[in-house]
Amino acid sequence: GEFRQERPAAGPSGGPIELGRAAAGDRIMLAPIVVVYAYILTPLLTPLLRASPRGPPTVACMPAHVHKAYTREDDKYLWANQNEPLEDIARVLGRGAVSCAARLERLRNPKTAGYQRLFGADTEAEAAKTRLRPVRECIQRIIHDPSLDPADFIVGYHDRFETGLRMTPFDTLNRSVKGTERLLVLALPEHRIEGLWYRKLGKPPRLVWRKHDRVDRIFGSCGDMRIEQAIDGYSDWTAAERRRLKRAKYFSLRAFGGGAVADE
C-alpha cells in the first residue's frame, strides 16, 4: 500500500511535544546555575554599588584665570608656596598646574621681568621706572631736542650681510636700506640698532644708550643719568677714560715684558 510518514503530535504552543519537553528541561537545568551565580556575585557587587558616587557626573571646568596675566600678588603667593603640591597652588590661583610650574621657572631667572618685579621695585609705578626707554624714542629726542646736536652722536648697528658692529655718524644719509627715510638711523629696523654714543671731535665716544646693557643716559630710565648730565660731565669722563686706557696699556706692556709708558 501507500507509504505515509507519521508527524509527531503538536503540543499546546503549536510545536511538537518533544521539542517543548526539551526546552522545559533546559530551563530546569539553568535555574540552579543562575541561583549559584547570584549567591556568589551578590556579596561582591553590593559594596561596589554602595561606594559608587550618585548624582550628576562631574564636569571638567577650565581654570578661572587661565587667560589672565600673573599679577605681583600671584607671584608672591606662588613663590611663598613653591614647595606645596602644584595642584593645590593651581587650584587657589585658578590656573593650570603646568602654567604654575612654568611661572616658577621664570621667577627663578633673575633676567626676567617677573623676577625683577617680584624682588625689585615694590610698586607697579616704581617697576615702570626701571623699564628701558626704546631706542626709537631716544632717536626722536636727538632729532627734535633743540639743545642737542645730532652731529655729536654716533649710531652702532648690525648689518644684514656683514658681521660685527658698524659705527656711523647719526646724520648719515640712507643709501642702503629700502624706504623713503632720508637718514639711515630712521631707516634701520629697531632690532638692528645696538647703541648710541655721544662724542666731541677728537675725543672718545661715550655710551648713552644700549639695550643689552640696559643703559639709558638720554632719558635716565633704569636709574641712570640724563643726557644733560652726561654732556656736562663729558670732559671729566674723557679725562678719566684716558687715564683708564693708559693704565690698561701700562699693565699690558708689563705682562708681556715691555717697558713702562711715560706720563703725558
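**Exercise 1.** Identify the bridge partner of Y198 in β4, and then describe how β4 pairs with other strands.

*Solution.* Step 1: the bridge partner of Y198 in β4 is R206. Strands here are DSSP runs of E with at least two residues, and helices are runs of H or I with at least four, numbered from the N terminus. The model is predicted, so that local features need pLDDT of at least 70 and side-chain atom pairs count only at pLDDT 80 or more, while totals for chains, interfaces and linings use all residues. Residues are numbered from 1 along each chain as its sequence is written, and side-chain values use heavy atoms, with hydrogens and water left out.

Step 2: β3 (residues 193-198) pairs with β4 in the antiparallel sense over 4 bridges; two strands pair if DSSP finds at least two bridges between them.

Step 3: β4 also pairs with β5 (residues 215-216), in the antiparallel sense over 2 bridges. There, R210 has V215 in β5 as its bridge partner.

Step 4: the hairpin of β4 and β5 has 4 residues between the strands, and R214 takes a positive phi near 55°.

**Exercise 2.** Determine how many residues of β4 are buried, and describe the largest nonpolar core.

*Solution.* Step 1: in β4 (residues 206-210), 4 of the 5 residues are buried, that is, under 20% relative accessible area with a 1.4 Å probe, protein chains only.

Step 2: the largest nonpolar core, a set of buried Ala, Val, Leu, Ile, Met, Phe, Trp, Tyr and Cys residues joined through side-chain atoms within 4.5 Å, has 26 residues. F153, L196 and I218 have the most contacts inside this core.

Step 3: its largest share, 4 residues, comes from α7.

Technical notes:
Buried < 20%, exposed > 50% of the residue type's maximum accessible area, 1.4 Å probe, protein only.
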